[in-house]
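Here are my notes on the model you sent. Please keep the coordinates open while you read.

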Amino acid sequence: SKLCLQPEGADDPPIGPLHCLPPLQPAVDTLEDLSFGLVPTDMHYTVLQTARSIYNISSSSSPTSLQIGADLFFPVLVYVTIHADLPNVHSALRFARLFAGERERVTELG
């Protein structure tokens, strides 16, 4: 089934391919790799790849080249995170935050 979203404050029902996304299992599978990261860079890269996967799924479902904005992206990211099997996610994220170098924090991955 498709995930349909409506931006907050919008009066119209969700219509069009920008609001209804195909199944997001590829993004869920990508995020589940977070548990296999051995260094913070791997973990940051996994989160980045998950975001790219969400954008690719939304772009492929759209007949135009429009991208989803943050108002629609964040709920989809939360949906993907909830559906991913992430054992010890809190400790993995804390590890990534504590041991990421300054250089890693200022890049696209950080």
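**Notes on the predicted model**

1. Start at the surface. F74, V78 and I82 make up a nonpolar patch there, and together they offer about 310 Å² of accessible area. Bear in mind that the model is predicted.

2. F74 belongs to helix 3. Its relative accessible area is 54%. F74 therefore counts as exposed, since the cut-off is over 50%.

3. The spacing of the patch deserves a word. An α-helix has 3.6 residues a turn, so residues three or four places apart point the same way. The patch residues carry the numbers 74, 78 and 82.

4. Which residues of helix 3 are buried? They are L72, F73, V76 and V80. These buried residues cover an arc of only 95° around the axis, which puts them on the same side of helix 3. The other side of helix 3 has A70, D71, F74 and I82, which are exposed. Two of the patch residues, F74 and I82, are thus named among the exposed ones.

5. The length of helix 3 checks out. It runs over residues 70-83, which is 14 residues. At 1.5 Å a residue the helix should span 20 Å, and its end C-alpha atoms are 20 Å apart, so the two values agree.

6. Helix 2 passes a similar check. It covers residues 40-60, 21 residues in total. From first C-alpha to last it reaches 30 Å, close to the 30 Å expected at 1.5 Å a residue.

7. What is buried in helix 2? The list is P40, M43, H44, T46, L48, T50, A51, S53, I54, I57 and S58. Note that it includes H44, as well as T46, T50, S53 and S58.

8. Look at N88 in the backbone. N88 has a positive phi of about 55°, although it is not a glycine. It sits in the loop between helix 3 and helix 4, the latter being residues 89-99. Is N88 buried or exposed? At 61% relative accessibility, N88 counts as exposed.

9. Now the chain as a whole. It has 5 helices and 2 strands. Along the sequence the order is β-β-α-α-α-α-α.

10. Some totals to close. The chain has 110 residues, and 31% of them count as buried. Among contacts with a separation of 6 or more, 64% are between residues 24 or more positions apart. The accessible surface of the chain is about 7,200 Å², and carbon and sulfur atoms account for 59% of that surface.

Conventions: Residues numbered from 1 in each chain as written. Predicted model: local features only at pLDDT ≥ 70, side-chain atom pairs only at ≥ 80, totals over all residues. Heavy atoms only, no water. Helix = DSSP H or I, 4+ residues; strand = E, 2+ residues; numbered from the N terminus. Expected span 1.5 Å × (residues − 1). Buried < 20%, exposed > 50% of the residue type's maximum accessible area, 1.4 Å probe, protein only. Arc of directions from axis to C-beta. Contact = heavy atoms within 4.5 Å. Areas by Shrake-Rupley, 256 points an atom, 1.4 Å probe, with all protein chains shown as cover. Patch = residues over 30% accessible without salt bridge, like charges linked within 9 Å, V, L, I, M, F, W, Y side chains within 5 Å. Salt bridge = Lys/Arg side-chain N within 4 Å of Asp/Glu carboxyl O.
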